[in-house]
Amino acid sequence: VHLTINSENGNATSGMLFGLMYEDINFSGDGGLYAELIRNRALQGPNPDLTAWHSEGASVTLNVDKSEPLSDALPNVLRVDVSSAASGKVGFSNEGYWGIPVNTDQYKASFYVKGDYTGDVELSLRSAIDGTVFSTKTVSVRANGQWKKYTTRFTPGKASPNANNTFTIMFDAEKVRGKSLYFNLISLFPKTWSNSGTNGLRVDLAEAIDEIGGKFLRFPGGNNLEGQSPPYWWKWNETLGDLIDRPAYPGPWGYVNTLGLGLIEYMRWTDLMGLEPLLAVYAGLYLDGTFITEEDLAPYVQSALDELEFLTGSVDTHWGSYRASLGYPEPWVIRHVEIGNEDNLWGGLPSYQNYRFNMFNDAIKAKYPDMTIIASTPEITGTPAGTWLDFHLYDKPDHLTTLFGQFDNWDRQHPVLVGELAVIAPNEPNKPEVEWTPGALRLAYPSMIGAVAESIFFMGCERNADLVQGIAYAPGFQNLNSYQWVPDLISFTADPADTTLSISYYLQKLFAQNVGDNTVAVETSEDFRPLFWSATYSQKHREYYVKMANYNGTSTDISVHIPALRNGKATWTTLSAPDGHSYNSPRNVTSKWTETEIPKSGDSWTVTLDNLMIGVLKIQK
Ligand code: AHR
């Protein structure tokens, strides 16, 4: 196969073609990227319970108490009853999000306590298997009838070989015999990623995301934006400020969000990784199909305007000054706002089409004319020219490859965001498209053939870069101990040694790091299939990137000729695996990433593309 890369006739790319979609699903925020190690730290939610908490010593009983609220947002507290016969050290422990990793970096612990106790409180990290103590820190406490916060830092002297550990809080039983102590907002943070701070991100997961090199972050959902049913949705204003003021959000994925990963934490994430924020605002649709009527929608529109003022307003504005009071005087820049999430689903389309989209769009555009508005579905007509349409797709490999030309003939008035895309099921003859019936076949982890199909769809998008502004895989993360959706880009447990970067992850990385600012035409006498390709050129880096994939073909030599280039350094990077079903799983990476320098032979560079291989030939001028 001969490909001639033309240096002209291309379309400008958006500069953010490959990005990330993130929402708290699969315990990926709480229990994942949000670095807090204590599960159920404030007994949050409409049905608080003692999940993850255990008494230490037979003379201690734990209870959920509602009579001593810590704050309006955190009304449930942990009451520790100590029997009148108690002696020695007693207390309680937390098992974390299915474990707590112990390493020799510094940890920060804090808790609130109330009750009649003056004495030592001993915090320790210990093995749940054999009780080995990895670290102990004593805090001198003078508790009384008022809630009091204690904060301490400690560095374990030795690391634990696994994450099967607990965080234990012990105190002197004789000082509280026959009485109770109250605790709440018990928190333990390890060292966090980069400078993401005391309420920051888990190191290995944030590093993995950062290393993709994506250009945007679409957040905070996904379904997690919308909530399952009234009155719950991701209320941005409840995610701000001190953790003591953040109430529970019973998210739609079956667990309570602590809201520790709040709006400011998201913005800091985008800042630190240099990502363009694609902010989704709630648009009045719940996943149970309830939607806000036209008469009642105005406060929700106002909330979105307030959110934008909070983020972008000067300190002279009401919400801008509130932001400043939280330590962020400098406004953020928001260029893209998505109105809702998948508002075509759950019966939401008629109201979205009739008034919900327009009410949000008109209000935001009136105040922020330069902001790009994204409709949360392509299934809407009559949106103003320039409105982006968000296209989501969960598919099977064979079918996805048939959508290579999906955007070739789209209406150019409406740019497209592929806000969520993934191969989620294996090919099955006679059933080309994904079935959503419960129990339908799903992949446990992204497969090699799935990644090849995704790469083909992405190349189809890249070829239409005048239209397609951004592409993101979804969902991003999966806690292997409790999840609602497979497959996922990155899987993990509490133990960083389990962190698994899927084959689709490597595809994202390969493509995100090899994209130019202009597409360039590829001339050839061959038709697409089984081989697919697309090419871009970066003026800034003076580099060409020729992406290729082989979907069920034979191993093929491909020669690439660039008339505008006499010489150049060519690097051939490939992603492959033993076969199409191959996948990466904890501690078992089957995919292979290779990088080879290719000498020029004659007037071209020749590479070999095996079956089910994805490759990028980068040629530096
Ligand atoms: O990515 C998982 C879910 O799929 C998202 O929350 C939702 O937008 C889509 O239906």
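**Exercise 1. Find Gly-222 and name the two elements that its loop lies between.**

Step 1. Gly-222 belongs to the loop between strand S13 (216–219) and helix H2 (223–226). Keep in mind as you look that this is a predicted model.

Step 2. Now turn to the bond between Gly-221 and Gly-222. This peptide bond is cis, and its omega is about 15°.

Step 3. For background, most peptide bonds are trans.

**Exercise 2. Describe the peptide bond from Arg-529 to Pro-530, and place Pro-530 in the chain.**

Step 1. Arg-529 and Pro-530 are joined by a cis peptide bond, with omega near 5°.

Step 2. Look along the chain for the elements around Pro-530: the residue is in the loop between strand S26 (522–523) and strand S27 (531–538).

**Exercise 3. Work out what is notable about phi of Trp-346, and say which loop holds Trp-346.**

Step 1. Start with the background: most residues other than glycine have a negative phi.

Step 2. Trp-346 is a residue other than glycine, yet its phi is positive, near 55°.

Step 3. Trp-346 sits in the loop between strand S17 (336–339) and helix H6 (349–367).

**Exercise 4. Give the overall make-up and dimensions of the chain, then check its radius of gyration against that of a compact globule.**

Step 1. The chain's secondary structure amounts to nine helices and 34 strands.

Step 2. Along the principal axes, the C-alpha atoms fill a box of roughly 90 × 60 × 50 Å.

Step 3. A compact globule of 621 residues would have a radius of gyration near 25 Å, and the chain's 27 Å agrees with this.

**Exercise 5. Which parts of the chain form domain 1 and domain 2, and how many residues does each bring to their contact?**

Step 1. By the domain assignment, domain 1 covers 18–35 + 193–384, and domain 2 covers 53–189.

Step 2. The centres of domain 1 and domain 2, taken over C-alpha atoms, are 34 Å apart.

Step 3. Nine residues of domain 1 and eight residues of domain 2 take part in the contact.

Step 4. On the domain 1 side, the residues touching domain 2 are five nonpolar, two polar and two charged.

**Exercise 6. Write down the strand order of the five-stranded open sheet, and explain why S3 and S9 each have a side without a neighbour.**

Step 1. The order is S3-S6-S11-S8-S9, with antiparallel pairing.

Step 2. Strand S3 (53–56) and strand S9 (133–143) are at the edges and have a single partner strand each, so each has one side without a neighbour in the sheet.

Step 3. Neighbouring strands of this sheet are turned by 20° against each other on average, direction ignored.

**Exercise 7. Trace how strand S8 pairs with S9 and with S11.**

Step 1. Strand S8 (residues 117–127) is antiparallel to S9, and ten bridges join the two.

Step 2. Follow some residues across to S9: Asp-120 is opposite Ser-140, Val-121 has Val-139 as its bridge partner, and Ser-124 is opposite Thr-136.

Step 3. Look next at the hairpin of S8 and S9. Five residues lie between these strands, and Gly-131 takes a positive phi near 80° in this hairpin.

Step 4. Seven bridges link S8 with strand S11 (residues 165–172), again in antiparallel fashion. Arg-126 has Thr-166 of S11 as its bridge partner.

**Exercise 8. Describe the open sheet of three strands, S22, S23 and S24.**

Step 1. Its order is S22-S23-S24, and the pairing is mixed.

Step 2. Strand S22 (477–479) and strand S24 (500–501) each have a single partner strand, so at these edges one side of each is left without a neighbour in the sheet.

Step 3. Strand S23 (residues 490–492) runs antiparallel to S24, with two bridges between them. Ser-491 stands across from Thr-500 in S24.

**Exercise 9. What name does UniProt list for residues 434–613, and how much helix and strand does this span contain?**

Step 1. The UniProt record, an unreviewed entry, lists this span as "domain: Alpha-L-arabinofuranosidase C-terminal".

Step 2. Residues 434–613 are 14% helix and 35% strand, and the end C-alpha atoms of the span lie 24 Å apart.

Technical notes
Residues are numbered from 1 along each chain as its sequence is written. This is a predicted model: local features need pLDDT of at least 70, side-chain atom pairs count only at pLDDT 80 or more; totals for chains, interfaces and linings use all residues. Domain bounds come from an automatic or database domain assignment. Two residues are in contact if their C-beta atoms, placed from the backbone, lie within 7 Å. Ala, Val, Leu, Ile, Met, Phe, Trp, Tyr, Cys and Pro count as nonpolar, Asp, Glu, Lys and Arg as charged, and the others, Gly among them, as polar. UniProt positions are given in the numbering used here, feature names are shortened, and annotations may be inferred rather than shown by experiment. Helices (H or I, at least four residues) and strands (E, at least two) are DSSP runs, numbered from the N terminus. Two strands pair if DSSP finds at least two bridges between them. Axes are lines fitted to C-alpha atoms, for helices over the stretch in contact, and angles run from 0 to 180 degrees between N-to-C directions. The radius of gyration is taken over C-alpha atoms; the globule rule is 2.2 Å times the number of residues to the power 0.38.
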